[in-house]
Amino acid sequence: MAGYKIPFNQKKKGKINLKYYLLLFFFNLYGSLFSQNNPWYFEANYYQGSILPHSSQIAHLLTNKPEGFLFSANLKTDGSQYWHRHYNFPDIGFSLHYQNNNNPVLGDLYGAFAHYNFYFLNRNLQFRVAQGIAYATNPYDKEKNFRNLAYGTHWMPSTYFMLSYTKENLWNNLGVNAGVFFIHHSNATIKSPNTSTNTLALTAGLTYSLDENFRRSANASPESYDTDMKYSFIFRTGVNESHILGMGQKPFYHLSFLADKRIGRSGSIQLGTELFLSNTLKELIPFIAESFEETGIKKEADWKRIGLFAGYEMYMNKLSVEGQLGYYIYDQYKQNGNLYQRLGMKYYITEQIFGLMSLKTHYAKAEAFEVGLGIKL
């Protein structure tokens, strides 16, 4: 269909007939899926496991073993860019997920994710990292479902990891895999309650490759990168709610300044400071001071916090993943401990401007799901 052209003289009432666009679209789609050296393959997995008892608040919900299905479409990297070879030719994909908790209080879970597959041991061991959004069918409701302290909202961020032994093309284009699956469902305290669930399971499935003889190239030249010190200003925001039910959602604003230095093709090290302005904390401090005197919190305690952090950012094309460990050098609230953590992703719109989303936590306790914008100088 490379030579097929839309007959622009086919018009009705001065407009091009859309059927020709649709015809061209489907022919191009057909050609991409069934052409030689096709990079796509598909997976269907079943899993069964247990919800981990990470909190006593959900102990009453751990009655049956959850089970679920995972359907994935994966695009193999072909070596046309140097980062493909640098990371041992990972896959880029998307996946759809369904989990039956086998508990009417928890309800069921549906999810959509973007993921990377990384390969080890002669490409027989696959490690998948996925981030997406999930939908809970039966979240907390103070009148209809007050026992579900795990999910406070229908929609929530979700993350999963899968480590599996994979063998493609065992019989023509058909292959198998089996391994361990871990998925985390939490609304990141966007709304309380948010005790969350962590499911650990065994999984097995089938794979189907559209081209069992897919070939890769390793001829892409290494990209150059700047090893000079860079400085970034970042603004993060969102809404969250305290652990006291009914206090409502409030906005927060996190302002960061950091310096980073590239230490290789893979990534850079970071050092920075940030100011946390949380309206939830502003309202929570006087409430706790008056209602829970045993905490020792004073009503006039400052709700602003300042932190120092160190981190690492790993680059993959325009997308990067970063992890940070921080320490509060100024915090009069002091109920979350001295340390905080952040895990996030960035997308570089240009070399200087990037968007991001991240999760700020105190160990296993999420504080905020952040979205933001940054500039790197």
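Q: A charge sits over a ring if NZ of Lys or CZ of Arg is within 6 Å of the ring centre and within 35 degrees of the ring normal. How do you know that the charged end of Arg262 sits over the ring of Tyr225?
A: A word on the source: this is a predicted model. In it, the charged end of Arg262 is 4.7 Å from the centre of the Tyr225 ring, and the cut-off is 6 Å. The distance passes, and Arg262 is placed over the ring, so the angle limit of 35 degrees is met too.

Q: What makes Lys360 a case of a residue over the face of Tyr340?
A: Lys360 lies at 5.0 Å from the centre of that ring, and the limit for the NZ of a Lys is 6 Å. Lys360 is listed as lying over the face of Tyr340, so the distance and the angle both fit the definition.

Q: Why is the aromatic pair of Tyr116 and Phe118 called stacked?
A: The ring centres of Tyr116 and Phe118 are 5.9 Å apart, with 25 degrees between the planes. Centres within 6.5 Å make a pair and planes under 30 degrees apart count as stacked, so both conditions hold. The pair belongs to a structure that holds 19 aromatic pairs.

Q: Then why is the pair of Tyr348 and Phe354 called tilted?
A: Here the centres are 5.3 Å apart and the planes make 55 degrees. That angle is neither under 30 nor over 60 degrees, so the pair goes to the remaining class, tilted. Tyr348 and Phe354 are both buried.

Q: How do you know whether Tyr116 is buried or exposed?
A: Tyr116 has a relative accessible area of 14%. Buried means under 20%, so Tyr116 counts as buried. Phe118, at 13%, is buried by that cut-off as well.

Q: What makes Asn74 buried?
A: Its relative accessibility is 0%, and the cut-off is 20%; therefore Asn74 counts as buried. Asn74 is found in strand β4. Its C-alpha atom is separated by 8.5 Å from that of Asn117, 43 residues away along the chain.

Q: Why is strand β17 called largely enclosed by the rest of the structure?
A: Of the 10 residues of β17 (residues 353-362), 7 are buried, so the strand is largely enclosed.

Q: How do you know that β17 pairs with strand β16 and with strand β18?
A: Two strands pair if there are at least two bridges between them. β16 (residues 339-348) is joined to β17 by 8 bridges, and β17 to β18 (residues 365-376) by 10, so both exceed the requirement. Both pairings are antiparallel. Met345 stands opposite Met357 in β17, and Gly355 has Leu373 in β18 as its bridge partner. A hairpin of 4 residues links β16 to β17. The hairpin of β17 and β18 has 2 residues between the strands, and Tyr363 there takes a positive phi near 60 degrees.

Q: What makes strand β3 a partner of both β4 and β10?
A: β3 (residues 40-51) shares 9 bridges with β4 (residues 67-76) and 11 with β10 (residues 197-209); at least two are needed, so both count as pairings. Tyr46 stands opposite Phe69 in β4, while Tyr47 faces Thr203 in β10. Tyr47 also belongs to an aromatic cluster with Phe113, Tyr160 and Phe181.

How values were computed: Residues are numbered from 1 along each chain as its sequence is written. This is a predicted model: local features need pLDDT of at least 70, side-chain atom pairs count only at pLDDT 80 or more; totals for chains, interfaces and linings use all residues. Side-chain values use heavy atoms; hydrogens and water are left out. Rings of Phe, Tyr and Trp (its six-membered ring) pair if their centres lie within 6.5 Å; planes under 30 degrees apart count as stacked, over 60 as edge-to-face and the rest as tilted. Buried means under 20% relative accessible area, exposed over 50%, partly exposed in between (1.4 Å probe, protein chains only).
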